[in-house]
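Here is a quick tour of a model, taken site by site. Have the sequence and the 3D view open as you read.

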Amino acid sequence: MHVPGLSQQRIVQIERDILGKNDELAQVNRARFAAARVFALNLVSSPGAGKTALLVKTISDLKGIRPIAVIEGDQQTSNDAERIRATGAPAIQVNTGKGCHLDASMVGDAFARLPAIDGGLLFIENVGNLVCPAAFDLGEAHKVVVFSTTEGEDKPLKYPDMFAASSLMLINKIDLVPNLDFDLARTVEYARRVNPKIEVLTVSAKTGEGMKAFYAWIAKRAASLAADAAE
Ligand SMILES: Nc1nc2c(ncn2[C@@H]2O[C@H](COP(=O)(O)OP(=O)(O)OP(=O)(O)O)[C@@H](O)[C@H]2O)c(=O)[nH]1
Ligand SMILES: [Mg+2]
Ligand SMILES: [Zn+2]
């Protein structure tokens, strides 16, 4: 990065201070989630990959099973929070203005404003951006990167930090594949080159294909976090 009037050393120091402060607040969030036995996922993707559509589908399918709440991050508008509220789940919209990612302080403030969801699921939809949300811990249990079949197989190689930081890659819009030249095997190979441990599921928020496997992944990971906390 280059900022006129600031030395490279000073820029690095400022970045370290910001990320250090964020990590402290992320640990505070993580402790709050643990105290309330809340399982939090941070959904990241490029704009339009289908984060909100996946959340709407997930909430409609799971809302009878456990309490769910959503924190929505966008630069402008409350469109996504309104789409979530239409499902009956509480949602808080955070507008980042010129900012291009959520940080731990925004998530802490939003969580405090949500109704209690003890023992439930908290979904954090990050700003559509495959770059800097990778660097900001929000206190989530896992980052889930949503990648859609129309984006081009090489995205994991072009934006490696995001795929390296994520535990799960949801390959969304799988219903469109018959109309595309999408190479699933190549996409998975590129993602695993960046992160050999990343898990991969193919889904469609539109048709519901593959969603049961996502819900099973959530249940398994939430149970293993709860088991770690009990130790
Ligand atoms: N065919 C198809 N379309 C989808 C699917 N999931 C989402 N879409 C469409 O993709 C567009 C973007 O979906 P959103 O849910 O708004 O995506 P997003 O990631 O939340 O977008 P931002 O919040 O703006 O970053 C919408 O027109 C959706 O209807 C899917 O599985 N299949
Ligand atoms: Mg959205
Ligand atoms: Zn940013």
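## The zinc site

In this predicted model, the zinc ion (ligand 3) takes its protein donors from C100 (SG), H101 (ND1) and C132 (SG), at 2.0 to 2.2 Å. If you want to pick them out in the sequence, look for the spacing C-H-x30-C.

Where do H101 and C132 sit in the chain? H101 is in the loop between β3 (91–95) and α4 (104–113), while C132 is in the loop between β4 and β5 (142–148), so the pair ties together parts that are 31 residues apart in sequence. H101 counts as buried because its relative accessible area is 16%, under the 20% cut-off.

## The magnesium site

Now over to the magnesium ion (ligand 2). Its protein donors are T52 (OG1), D80 (OD) and E125 (OE), lying 2.1 Å from the ion. Along the sequence these donor residues follow the pattern T-x27-D-x44-E. D80 belongs to helix α3 (residues 79–85) and E125 to strand β4 (residues 121–125), a pair 45 residues apart that links distant parts of the chain.

Are D80 and E125 buried or exposed? D80 is buried at 11% relative accessibility, and E125 is buried too, with a relative accessible area of 2%.

## Around ligand 1

Ligand 1 is surrounded by 20 residues, and the closest are K51, T52, A53, E125 and D175. Two of those names should ring a bell: T52 and E125 are also donors to the magnesium ion (ligand 2).

A few polar contacts are worth clicking on. T52 has a polar side-chain atom 2.9 Å from an oxygen atom of ligand 1. An N or O atom in the side chain of R83 is 3.0 Å from an oxygen atom of the ligand. D175 goes for a nitrogen atom of ligand 1 instead, with a polar side-chain atom 2.7 Å from it.

## Helix α8

Helix α8 (residues 211–230) has 20 residues and spans 29 Å from its first C-alpha to its last, close to the 28 Å expected at 1.5 Å a residue.

Which residues of α8 are buried? They are M211, F214, Y215, W217, I218 and A222. Viewed down the axis of α8, the buried residues fall within an arc of 155°, so they line one face of the helix. Among the elements covering them are β1 (39–44), α2 (51–62), β4, β5, β6 (168–172) and β7 (199–202). Flip to the other side of α8 and you'll find K212, K220, D228 and A230 exposed.

Technical notes. Residues numbered from 1 in each chain as written. Chains lettered and ligands numbered in written order. Predicted model: local features only at pLDDT ≥ 70, side-chain atom pairs only at ≥ 80, totals over all residues. Heavy atoms only, no water. Donors = N, O, S within 2.8 Å, 3.2 Å for Na, K, Ca; no water. Helix = DSSP H or I, 4+ residues; strand = E, 2+ residues; numbered from the N terminus. Buried < 20%, exposed > 50% of the residue type's maximum accessible area, 1.4 Å probe, protein only. Expected span 1.5 Å × (residues − 1). Arc of directions from axis to C-beta. Contact = heavy atoms within 4.5 Å. Near = heavy atom within 4 Å. Polar contact = N/O pair within 3.5 Å; in protein donor to acceptor, adjacent residues only side chain to side chain.
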